[in-house]
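Work through the exercises below with the model open. Try each task before reading its solution.

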Amino acid sequence: NDKTIKLWKVNPESKICAIERYGGLRLPRVSTTGIQATASQRKIYAGAHAYHINTISPCADGETFLSADDLRINIWHFDVT
């Protein structure tokens with residue numbers, strides 16, 4: 001539904017590719033794969049928009065975001081549904 005905001009957390013997968021030697025020290029080399037990622041749904045913000053959502057924008061404080069449809073702009077806090 002284009003009237004519901006679903007907040008997802010996406011984590012890139014990382015895996016140990018090789019063991020590298022630096023002098024007598026053995027260290028694992030970790031690389032991230034940009035193709036594979038895990039996603040889990042965190043929150044659903046439903047019922048606040050009467051029209052299809054046009055824009056979602058995170059705020060600089062890292063705790064709030066804006067959503068807008070044709071008639072309304074809403075400000076949301078990540079911890080409040």
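Buried means under 20% relative accessible area, exposed means over 50%, and partly exposed lies in between. Keep these cut-offs at hand. The model is predicted.

**Exercise 1. Sort the side chains of β5 by face.**

Solution.
- Step 1. Locate the strand: β5 covers 73–77.
- Step 2. Follow the side chains along β5; they alternate.
- Step 3. Take one face: Asn74 and Trp76 point there and are buried.
- Step 4. Take the other face: Ile73, Ile75 and His77 point there and are not buried.
- Step 5. Check one residue by number. Asn74 has 14% relative accessibility, so this residue counts as buried.

**Exercise 2. Give the strand order and the pairing of the open sheet.**

Solution.
- Step 1. Start from the whole chain. The protein chain has zero helices and five strands. Along the sequence the pattern reads β-β-β-β-β.
- Step 2. Pick out the sheet. Three strands form an open sheet, ordered β3-β4-β5. Their pairing is antiparallel.
- Step 3. Find the edges. These are β3 (55–58) and β5 (73–77), and each pairs on one side only.
- Step 4. Add the twist: from one strand to the next, the average is 20°.

**Exercise 3. Describe how β3 is linked to β4.**

Solution.
- Step 1. Count the bridges. Four of them join β3 to β4, and the two strands run antiparallel.
- Step 2. Name partners. Thr55 has Ala68 in β4 as its bridge partner. Pro58 has Phe65 in β4.
- Step 3. Inspect the connection. β3 and β4 form a hairpin, with five residues between them. In the turn, Gly62 has a positive phi of about 75°.

**Exercise 4. Do the same for β4 and β5.**

Solution.
- Step 1. Count again. Five bridges join β4 (residues 64–68) to β5, and the run is antiparallel.
- Step 2. List partners in β5. Thr64 is bridged to His77. Ser67 is bridged to Asn74. Ala68 is bridged to Ile73.
- Step 3. Combine two exercises. Ala68 has a partner in β5, namely Ile73, and is itself the partner of Thr55.
- Step 4. Close the loop: a hairpin joins β4 to β5 through four residues.

**Exercise 5. How many of the five residues of β4 are buried? Classify Ser67 and Leu66 as well.**

Solution.
- Step 1. Take the strand as a whole. β4 is mostly covered, with four of its five residues buried.
- Step 2. Take Ser67, which lies in β4. Its relative accessibility is 0%, so Ser67 counts as buried.
- Step 3. Take Leu66, also found in β4. Its relative accessibility is 32%, so Leu66 counts as partly exposed.
- Step 4. Set the chain value beside this. Buried residues make up 15% of the 81 residues in the protein chain.

**Exercise 6. Which residues make the nonpolar surface patch of about 310 Å²?**

Solution.
- Step 1. Name the members: Leu66, Ile73 and Ile75 make the patch.
- Step 2. Assign strands. Leu66 sits in β4. Ile73 and Ile75 belong to β5, on the face whose side chains are not buried.

**Exercise 7. Find polar side-chain contacts made by Ser67 and Asn74.**

Solution.
- Step 1. Start at Ser67. Its side chain meets that of Trp76 in a polar contact of 2.7 Å. Trp76 points to the buried face of β5.
- Step 2. Go to Asn74, placed in β5. A polar contact of 3.4 Å joins its side chain to that of His49.
- Step 3. Link the two residues: Ser67 and Asn74 are bridge partners.

**Exercise 8. What separates the C-alpha atoms of Leu7 and Arg42?**

Solution.
- Step 1. Place Leu7: this residue lies in β1 (residues 5–22).
- Step 2. Classify Leu7. At 25% relative accessibility, Leu7 counts as partly exposed.
- Step 3. Compare sequence and space. Leu7 and Arg42 are 35 residues apart along the chain, and 5.5 Å separates their C-alpha atoms.

Technical notes
Residues numbered from 1 in each chain as written. Predicted model: local features only at pLDDT ≥ 70, side-chain atom pairs only at ≥ 80, totals over all residues. Heavy atoms only, no water. Pairing = 2+ DSSP bridges. Axes fitted to C-alpha atoms, helices over the stretch in contact; angles between N-to-C directions. Patch = residues over 30% accessible without salt bridge, like charges linked within 9 Å, V, L, I, M, F, W, Y side chains within 5 Å. Areas by Shrake-Rupley, 256 points an atom, 1.4 Å probe, with all protein chains shown as cover. Salt bridge = Lys/Arg side-chain N within 4 Å of Asp/Glu carboxyl O. Buried < 20%, exposed > 50% of the residue type's maximum accessible area, 1.4 Å probe, protein only. Polar contact = N/O pair within 3.5 Å; in protein donor to acceptor, adjacent residues only side chain to side chain.
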